[in-house]
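Colleague: I should like to learn how to read the features of a structure that is new to me. May we go through it together?

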Amino acid sequence: MDPTRFDALCPNGRAAAVVGLQWGDEGKGKYVDLLAPGFDAVARYNGGANAGHTIVTGGQKYALHLVPSGILHKGVRAVIGNGAVVDPFQLVKEIDALAARGVDTAALVVSIRAHVVMPYHKAMDARLEAVMEEMGKAQGGRTTAIGTTKRGIGPTYAEKALRMTAVRMGDLVRGGSILEDRVRLAIGVHNPAIVASGGEALDAAAIIDELAPIAERLRPFVTDTTYLLHDVLRAGGRVLFEGGNATLLDIDHGTYPYVTSSSCSALGISTGSGVPGAMLSGVVGIMKAYTTRVGLGPMPTEIHGELAQTIRDRGGEYGTTTGRPRRIGWLDLVALRYSAMVNGVTHVAMTMLDVLGGLDEIRVCSAYEVDGVRTERFLPDAADLARATPVYEVLPGFAEDISGCRSVGELPARARALVDLVERALGVPVAFVGVGPDREQTILNLPQGGVGR
Ligand code: GDP
Ligand code: IMO
Ligand code: MG
């Protein structure tokens with residue numbers, strides 16, 4: 001695909017973003033990879049290895065967790081910004097796996113300010129989840145776990161806010177007494193909780209020893225990415241931000257407490273990268289033509305049974321990170337309008353439209369009813385959202401295989417109706433329509449004048 005197609009992405013500015021508008025796994029990786037050749041840098045600004053971003057091209061499939069999805073394109077800087085949390089063991093594994101497949105990772109850089117996910121964070125994540133699950137069962141579901149990815153995300157962000165025991169990438173690669181003292185202090189603080197919740201005590205000396213060779217490997221990648229990004233922009237280059245996780249999982253704006261621990265929406269870009277939000281000219285919101293969710297928490301349009309399984313199988317809806325079957329639901333326009341508003345999306349990519357082919361009907365939720373009251377607004381409280389029942393519009397399904405379509409005009413009218421409906425509901429153009437996982441299986445519907453504001 002000709003990368004100059006995307007030159008218009010930022011007509012009045014030099015930064016753009018790809019963000020998830022639902023509960024994750026919308027196809028962000030595919031669109032970051034697609035857009036990356038038009039940019040000089042691709043930057044993650046939030047989350048960690050809880051993300052799983054898939055790229056399919058040339059018969060090859062890449063599942064990335066920490067490494068930004070621009071890595072397959074030579075000459076594009078791949079930046080892990082300060083707002084991300086880095087599991088150093090996972091990052092080295094990912095770098096090695098890419099190198100083994102012939103992908104050059106020399107363009108990768110990691111913020112000196114990014115916080116480090118330690119083995120004790122993963123242990124705490126797993127133990128807390130297990131305890132909550134047991135408590136939930138004992139109390140008949142009054143408390144529930146979140147269903148985290150157990151990648152240590154919550155405990156690492158908590159440690160970041162706590163400060164005294166936190167370790168940043170700068171501390172890791174510098175090594176020596178500051179790092180060692182912090183690890184010992186953290187272990188001293190966290191071991192009692194890990195043990196009390198049924199886990200095994202961790203050994204500070206062993207962790208310090210394991211970290212040494214990993215730190216050595218990562219040292220060349222660690223830098224001040226804030227200056228790096230601003231240098232790219234000042235030199236006339238372009239930066240594409242890659243959201244990890246998604247808006248409805250945002251710590252502030254999502255379905256709290258059933259969220260992740262970072263600012264996943266476009267609102268997190270400035271704190272998570274050091275680039276002011278005002279420099280963003282395009283925000284591409286990625287949305288599936290239906291809804292999925294992994295883990296627990298309210299999902300008003302969730303469906304079960306045979307239909308859900310059909311969609312799950314057709315869409316390959318099993319977690320990229322944990323392999324868990326994803327929960328399936330109809331498209332929720334109430335949630336989408338809220339996400340589009342919060343992110344200030346300028347354009348939308350509607351993915352997985354092909355997956356809905358062959359269904360008798362397609363449902364779209366346009367409002368909720370809560371305690372007999374109809375609302376078109378998303379609800380800030382998870383308990384209220386759990387009581388919301390969807391009000392559906394029903395569209396006739398389409399029977400055709402659309403995976404070969406490359407323009408909106410080639411889509412059957414009944415498939416196009418869903419694209420039009422989303423465009424009307426959100427008030428922004430659907431600039432991309434996904435008809436399959438491959439980079440090439442994409443309908444470009446870029447409006448005249450580009451994608452930016
Ligand atoms: P991300 O976390 O948002 O990057 O999404 P994931 O990679 O976790 O999950 C999206 C899945 O859908 C991946 O397996 C993609 O290869 C696949 N995918 C992306 N777009 C499309 C599409 O338009 N149609 C189909 N059938 N699959 C898609
Ligand atoms: P990508 O970037 C789907 C979900 C987890 C859980 C909750 C909290 O691939 O879209 P965490 O481990 O972050 O503390 O888990 O958030 N979650 C995701 N679900 N896609 C993701 O990332 C997710 N990242 C976190 O399933 O419900
Ligand atoms: Mg994913």
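Colleague: Where is the place of Arg-163?

Modeller: Please keep in mind that this is a predicted model. Arg-163 sits in the loop between helix H4 (153-162) and helix H5 (169-174). Its phi is near 75°, a positive value in a residue other than glycine.

Colleague: Is Arg-163 buried or exposed?

Modeller: Exposure is read from the relative accessible area, and exposed means over 50%. Arg-163 has a relative accessible area of 59%, so it is exposed. Asp-371 can be read in this way too: at 58% relative accessibility, it counts as exposed. Asp-371 lies in the loop between strand S17 (361-370) and strand S18 (373-375), and it has a positive phi of about 50° although it is not a glycine.

Colleague: How should one read the packing of helix H11 and helix H13?

Modeller: Two packed helices are described by the angle between their axes and by the distance between the axes. Here helix H11 (residues 333-343) and helix H13 (residues 413-426) pack at an angle of about 50°, and their axes are 10 Å apart. H11 and H13 are therefore oblique to each other, and their crossing is right-handed.

Colleague: Which residues make the contact of H11 and H13?

Modeller: H11 contributes Leu-333, Leu-336, Arg-337 and Ala-340, while H13 contributes Leu-421, Val-422, Ala-425 and Leu-426. By class, this contact has seven nonpolar, no polar and one charged residues.

Colleague: What are the protein donors of the magnesium ion (ligand 3)?

Modeller: They are Asp-25 (OD) and Gly-52 (O), which lie 2.0 to 2.2 Å from the ion. The pair links distant parts of the chain, 27 residues apart. Asp-25 is in the loop between strand S1 (15-20) and helix H1 (28-35), and Gly-52 is in the loop between strand S2 (41-44) and strand S3 (53-57). Asp-25 is partly exposed, with a relative accessible area of 22%, whereas Gly-52, at 11% relative accessibility, counts as buried.

Colleague: With which residues is Gly-436 in contact, leaving aside its neighbours within four places in sequence?

Modeller: Those residues are Lys-30, Asp-354 and Gln-441. Gly-436 and Asp-354 are 82 residues apart in sequence, and 6.4 Å apart in space, C-alpha to C-alpha. Gly-436 is found in the loop between strand S20 (430-434) and strand S21 (442-444). With a relative accessible area of 10%, Gly-436 is buried.

Colleague: Which residues does a cis peptide bond join?

Modeller: A cis peptide bond joins Tyr-256 and Pro-257, with omega about 5°. Pro-257 lies in the loop between strand S10 (239-242) and helix H9 (269-273).

Note on methods. Residues numbered from 1 in each chain as written. Chains lettered and ligands numbered in written order. Predicted model: local features only at pLDDT ≥ 70, side-chain atom pairs only at ≥ 80, totals over all residues. Heavy atoms only, no water. Axes fitted to C-alpha atoms, helices over the stretch in contact; angles between N-to-C directions. Helix = DSSP H or I, 4+ residues; strand = E, 2+ residues; numbered from the N terminus. Parallel < 35°, antiparallel > 145°, perpendicular 65-115°, else oblique. Left-handed = near helix turned anticlockwise from the far one by under 90°. Contact = heavy atoms within 4.5 Å. Nonpolar A, V, L, I, M, F, W, Y, C, P; charged D, E, K, R; others polar. Donors = N, O, S within 2.8 Å, 3.2 Å for Na, K, Ca; no water. Buried < 20%, exposed > 50% of the residue type's maximum accessible area, 1.4 Å probe, protein only.
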